[in-house]
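Here is a short tour for anyone opening this entry for the first time. Have a look at the chains, then read on.

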Amino acid sequence: MANALVEFDSVVKRFGDFTAVETMNFTIDEGEFIAIMGPSGCGKTTTLRMLAGLEEPSEGQIRMQGQVMNQVPPHERDTPMVWQSLALFPFLNARENVEFGLQMRGVDAATRRRKALEWLDRLEIGEFAERDVSSLSGGQKQRVALARSLVTEPKILLLDEPLSALDANLVIRMQSMLTRLQRELGITFVYVTHSQSEAFAMADRVVIMSRGHIAQVGTPKDIYRAPANRFVAEFVGRNNIISGHVKSATAKTVTLEGSLGTFKLNLGERPKPAIGEAGQFVIAADLVHLSASRPKSENVLECSLISEEFIGSVVTLFLEAPDGSEFKVQVQERELADMDLKHTDKIFVRWASERAHYICAG
Amino acid sequence: MNRDRLLKGFLFGYLALVFVFIFAPILFSIIFSFNSDRFPTIPLGGFTLKWYETIWQDPDVWEAARTSLMVSISVAITATCLGFATAYTDYRYQFKLKPLYLALILLPPTIPLIIMALAMLAWFAKIGLSGQVVSIIIAHTVLTAPFAMAIIRLRLSQMDASLEAAAWNLGADQWRALRLVIIPFCKPAIISSFCLTAAVSFDEFAIAWFISGLNKTIPVVILEIVTGNIDPQVNAIGSFVFLTSMTLVIIAQVVLMTKEKKEKDHHG
C-alpha cells in the first residue's frame, strides 16, 4: 500500500450561500495518477484550487504529507499547476517561462538556464527555447506549460483541464506523453477534467464528483462496469438503468421485479437489500446481445427499433422498451450487418445476470 | 453598385472635410510661423525663421518651456502611478462600494475646467500652496490620472485571469508577482499612459492659467503674447507645442497598437 500524500478530511468549501464542495473525504497516494471528473460546477476545479492554496477550505483540513495546509499561501507550497488557459507569461520566451519557478526559489542564472533547457529538450521542444510563447502552436505551448511546472521537481503536479483547447489527434498524443511522464517521474498527478475519455485513458483512480459531493472513487474499470449510483451510471454514458422492487436476494444476487419484467442481477460488494425495497440496476449498452427471435434465457427484453447512430466500427441502436423507456445497445457494425434486423419490428435484448449491477435507488 | 460608389465617395468627402476642419487652423499656424509678414494675410510674404529666433531669444518663453516640461514629466509619473494603482485595485479586488469608487476616480474629467480651476485656486490659497509649480502638478495629476487609469484598466482586462495566480503558484509572493508579471504585462499601457498624461498636461491651459501665478507654462505665455498684440511668434510657439504633444500622442498610439497587433497576429 502506497503512502498517502494528500488527505482531504471533511473538507467543505462555501462561496457565500453556495456550497461548492461538501464534506469531502479522500486520500491521494504518492505516485498515483488520479483524475477528478464531473460536469461543470461539480466542484472539481475548486478542489484543485484548494490543493494549490488559491482557495481556503471553509471547514475541515487538507493535509499534505501529514502537515495541515489550510493556511499556507500558494507561493509557499510546492504544488505547481498546469492551467486550462496555460497562463504562460506572454512577455517572456519559452525558456524564461520555464525558468520562472527556479528564479522564485533563488536558483542562480546558469543553473536555471541549464535546467530549463534540459526540460524543454525532454519534452521535445528544445529548439523553440528562445521563441516567443505567442508564436508557438497549441501543443508546443502545452509542453512549455508542463516544463514550467515540472522544472522545480515537485512531488505533485496539478492539471486543470490542460487538454481541453487541443484538437482530438493532439489530445491522444498528449495523453500518452502525460502517462509516460508520470510513470517516469513517479510523482503524483491530479488531473481535473470533464472528459471521460481523458480520465479513463490516463488515471489509476478516478474521483467522480456531482454537485460538490464525491459520487464514486475507483479504478476506471470499476466505475465503468459497476457504477455506484444512478448519477455515475448516467454520467459515464452508454448505460441503461432499469427500476423495480427487490423480489428476492442472496449474498451475491438480487432478483428485481419491475414493469419490464423480472431480472436477475449481480450484487457485487454491496450490502444485501431488503425484500420489497425499491431498487435499480445498470446494464452497459455494450454488454447485451441482440436477436431477432425470442431467446430461451433469463433477462430478456422485447424492444422495437427507434433509430441508430453510426460512428465508425461501433453502432449505437436506440430501442424502445414496452413501457416506452429508451434502451441503448452498442454493437460492432460488422455484427449488426450479419444479424439482418432490418426486416423485423421486434428486437430481443438479453444479457448475462453477472453483467447487470444493482445500484441503490435515487 | 453605382449607389455604393456614390455613398463611398460621399463618406470619403465627409471624412476629408472633418480632417480639414480639425487640421486647417493648425496647418495655417505652422505655415504663418514661417511667414515674414507681421499680419497673417494671403498672399504670403517671404520665408523666414525670425519668429523662431525671437522666441529662442526670449527668456520668458524659455522659462515657461522649462516649467511646462518639469510639470508634464512630474504629472506623467504621478498620474501613471496613481492610474496603475487604481486600475489594479479595480482588477484585483471585489468590494461593496466598487461602482462608487470607480465613479469617484473617473469624475475629474467630467467637471468643467473653469469650475475645477477655480476650485483648485481657492483650495490651494487656503492651504498656502497658491502660485507654485507643485500646485500645477497636483492639479494636472487630478485631471489626468483618470486617463491613465482607463488605459491601464483596458490592458488589465485583456490579461488572462490565471496569469497572476500562475506566478503565485510558481512561488512568487504578491509583490514579486506584481513586479514580475503584472507590471511587465501592462508595460505598453504604462508607456502610453505616460505619454498621454504628459501631452495633456503640456497643453492644458485653463487650470494652469488660474493657478500658475508667476510660474507660467507655455499655453499661459501664448495667451499673454496674444492679448498684448498680434505677433507671429505665437504661431512659432504653437507649432512647437503642437509638435511636442503630437509626438507624445503618436508614441502612445504606436506602442499600444504594435503590441495589440503582435498579440492578435499570433492568436489568429
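## Cysteines without partners

A disulfide is counted when two cysteine sulfur atoms lie within 2.5 Å. Keep in mind that this is a predicted model. With that cut-off, how many disulfides turn up over all chains? A search of the whole structure comes back with zero.

Take Cys186(B) as an example. The closest cysteine sulfur to its own belongs to Cys81(B), and at 13 Å that is too far for a bond. Cys186(B) is also buried, since its relative accessible area is 0%. Cys195(B) tells a similar story: it is in no disulfide, and its nearest cysteine sulfur, again in Cys81(B), sits 14 Å away. Is Cys195(B) buried or exposed? Its relative accessibility is 7%, so Cys195(B) counts as buried.

## A strand wrapped on both sides

Now move to chain A and find strand β8, residues 188-193. Six of its six residues are buried, so the rest of the structure largely encloses β8(A). Both faces are covered: one side carries Thr188(A), Val190(A) and Val192(A), while Phe189(A), Tyr191(A) and Thr193(A) are on the other.

Which strands pair with β8(A)? One is β3, residues 33-37 of chain A, which runs parallel to β8(A) and is joined to it by five bridges. Within that pairing, Met37(A) stands opposite Thr193(A). Another is β7, residues 156-160 of chain A, also parallel and also joined to β8(A) by five bridges. Here Leu157(A) stands opposite Phe189(A). Add helix α5, residues 168-185 of chain A, and you get a right-handed β-α-β unit made of β7(A), the helix and β8(A).

## Rings that meet

Aromatic rings find each other in plenty of places: the count is 22 aromatic pairs over all chains. One of them joins Phe89(A) and Phe100(A), with 4.6 Å between centres and 45° between planes, which makes the pair tilted. Phe89(A) is in the loop between β6 and α2 of chain A, whereas Phe100(A) is in helix α2 itself, 11 residues apart. Both Phe89(A) and Phe100(A) are buried.

For an edge-to-face pair, look at Trp209(B) and Phe210(B), at 5.4 Å centre to centre and 85° between the planes. Trp209(B) is partly exposed, with a relative accessible area of 43%, and Phe210(B) is partly exposed too, at 23%. Back in chain A, ring pairs tie Phe263(A), Phe281(A), Phe327(A) and Trp351(A) into a cluster.

## Arginines over rings

Phe89(A) has another neighbour worth finding. Arg148(A) lies over the face of its ring, 4.8 Å from the ring centre. Chain B has an arrangement of this kind as well: Arg155(B) lies over the face of Phe185(B), at 4.0 Å from the ring centre.

## A proline in a helix

The last stop is Pro220(A), which lies in helix α7, residues 220-225 of chain A. Its relative accessible area is 14%, so Pro220(A) is buried. What does Pro220(A) touch, leaving aside residues up to four places away in sequence? The answer is Phe200(A), Ala203(A), Asp204(A) and Val206(A). Gly53(A), on the other hand, is 167 residues from Pro220(A) in sequence and 28 Å from it in space, C-alpha to C-alpha.

Methods: Residues numbered from 1 in each chain as written. Chains lettered and ligands numbered in written order. Predicted model: local features only at pLDDT ≥ 70, side-chain atom pairs only at ≥ 80, totals over all residues. Heavy atoms only, no water. Buried < 20%, exposed > 50% of the residue type's maximum accessible area, 1.4 Å probe, protein only. Helix = DSSP H or I, 4+ residues; strand = E, 2+ residues; numbered from the N terminus. Pairing = 2+ DSSP bridges. Right-handed = clockwise from strand over helix to strand, strands pointing away. Phe/Tyr/Trp six-rings, centres within 6.5 Å; stacked < 30°, edge-to-face > 60°. Lys NZ or Arg CZ within 6 Å of the ring centre and 35° of its normal. Contact = heavy atoms within 4.5 Å.
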